[in-house]
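Q: Please take me through one part of this model, slowly and closely. I am in my first year, and plain words would help me a lot.

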Amino acid sequence: MNRRARSLALWRGSATVDAPPATLAIETTTRCNLQCVGCLRRWDDAPPQDMADDVFAAALAWPGVESVLLYGLGEPLLDEKIFDRIRAAKARGLLVQLSTNATLLDEKRRRRLREAAPDVVIFSLDAADAETYHRVRGDFDFETVVNQVDAFIRDAPDRLQCVVQFVALPENRGQVDAFRRRFGHLGARRLRIKADETRPRRFADSAPRPRRPCPVLFAGALYLRADGSVLPCCHMIGTEPLGRLPHDDLSALWNSPRMQRLRAMHGAGRVNDIAACRVCSLPLPPRLPAACALLLPQRVFRALLPLAERFAPKV
């Protein structure tokens, strides 16, 4: 019923959604050991901090949510509690996805991450060679990071979906084919090529957005920051939060007046009238396939996403 409610709300452009979001993005830390050129951290002024236990518990307490993304604008492996937090989310029956830069993925952390048993782990590399890696991500040794990723994938159980990710930026765009060749042995389901999601912010791209509703407003991921503040999505960093955990009720924030206004404007094709949405470059798929995708269980959706993106416009 929840999936159907989200799908219908998107299709109709409804102001309210009679179901919780399918996904929450829970930023358990804002600390990071890299300064990647294509990261939203460049527009963030949040101080380094880890999420408090009561905030995390409040985030997990919402019935009807299907999955959690345990990452945000920080590196999750810098959060000393991340392995316990993965287990806590799994104990509530949630599908758990983690994204890491893999620089800290030594043998001990590889073992602890496998034992914590997330469902999906994304390794963000963005390069096919050391020179490009240093230009895009920083001074860590590229081959060491790749070897750590290979070691994790080699010993990962079959049920764990591992994805090696490349975000196509101006600084690495010519490496897409080289990236596919370098990591092609992992198979198509394990390679994800993403479009640059920060280009409008960096290059003042004035091209108007498609007049389509954004699925994030109807199905998540609702974005929960390390300090407990709640945002409609990660691309709205720097805007006034909807509220703050653990003081506010997430279900009330999900259908708050501000969320209703955002959905109504998207449903009416007024995406470009919203400042944060105008400079966002998350894909806005046509309404029918987007509504159909919201009917899928999150496990199926997450597994199909890297393959579906191969048919998206070239990056």
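A: Two strands pair if DSSP finds at least two bridges between them. Strands here are DSSP runs (E) of at least two residues, numbered from the N terminus. The model is a predicted one, with local features needing pLDDT of at least 70, side-chain atom pairs pLDDT 80 or more, and totals for chains, interfaces and linings using all residues. Residues count from 1 along each chain as its sequence is written, and side-chain values use heavy atoms, without hydrogens or water.

Let's visit the sheet and stop at strand E5. The sheet is open, and its 9 strands follow the order E6-E5-E4-E3-E2-E1-E7-E8-E9. Their pairing is mixed. If you read that order from its E6 end, you meet E5 next, with E4 following on.

Strand E5 covers residues 161-168. On one side, strand E4 (residues 120-124) pairs with E5 in the parallel sense, over 5 bridges. To find this pairing on your screen, look for Val121, which stands opposite Cys162 in E5. On the other side, E5 pairs with E6, again in the parallel sense and over 5 bridges. Here your landmark is Ala168, which has Ala195 of E6 opposite.

Now look at how covered E5 is. Of its 8 residues, 8 are buried (under 20% relative accessible area with a 1.4 Å probe, protein chains only). The side chains point two ways: Gln161, Val163, Gln165 and Val167 go one way, while Cys162, Val164, Phe166 and Ala168 go the other. Both groups are buried. Cys162 and Ala168, which point the same way, are also our two landmarks: Cys162 for the pairing with E4 and Ala168 for the pairing with E6.

What about the ends of the sheet? Strand E6 (191-195) and strand E9 (243-244) stand at the edges, and each has a single partner strand, so one side of each has no neighbour in the sheet. For E6, that partner is E5.

Towards the E9 end of the order you can see another kind of pairing. Strand E7 (residues 222-224) and strand E8 (residues 229-231) run antiparallel and are joined by 2 bridges. In this pair, Leu224 has Val230 of E8 as its bridge partner. Try setting that antiparallel pair beside the parallel pairing of E4 with E5, and you have the mixed pairing of the sheet in view.

Terms used: Helices (H or I, at least four residues) and strands (E, at least two) are DSSP runs, numbered from the N terminus. Buried means under 20% relative accessible area, exposed over 50%, partly exposed in between (1.4 Å probe, protein chains only).
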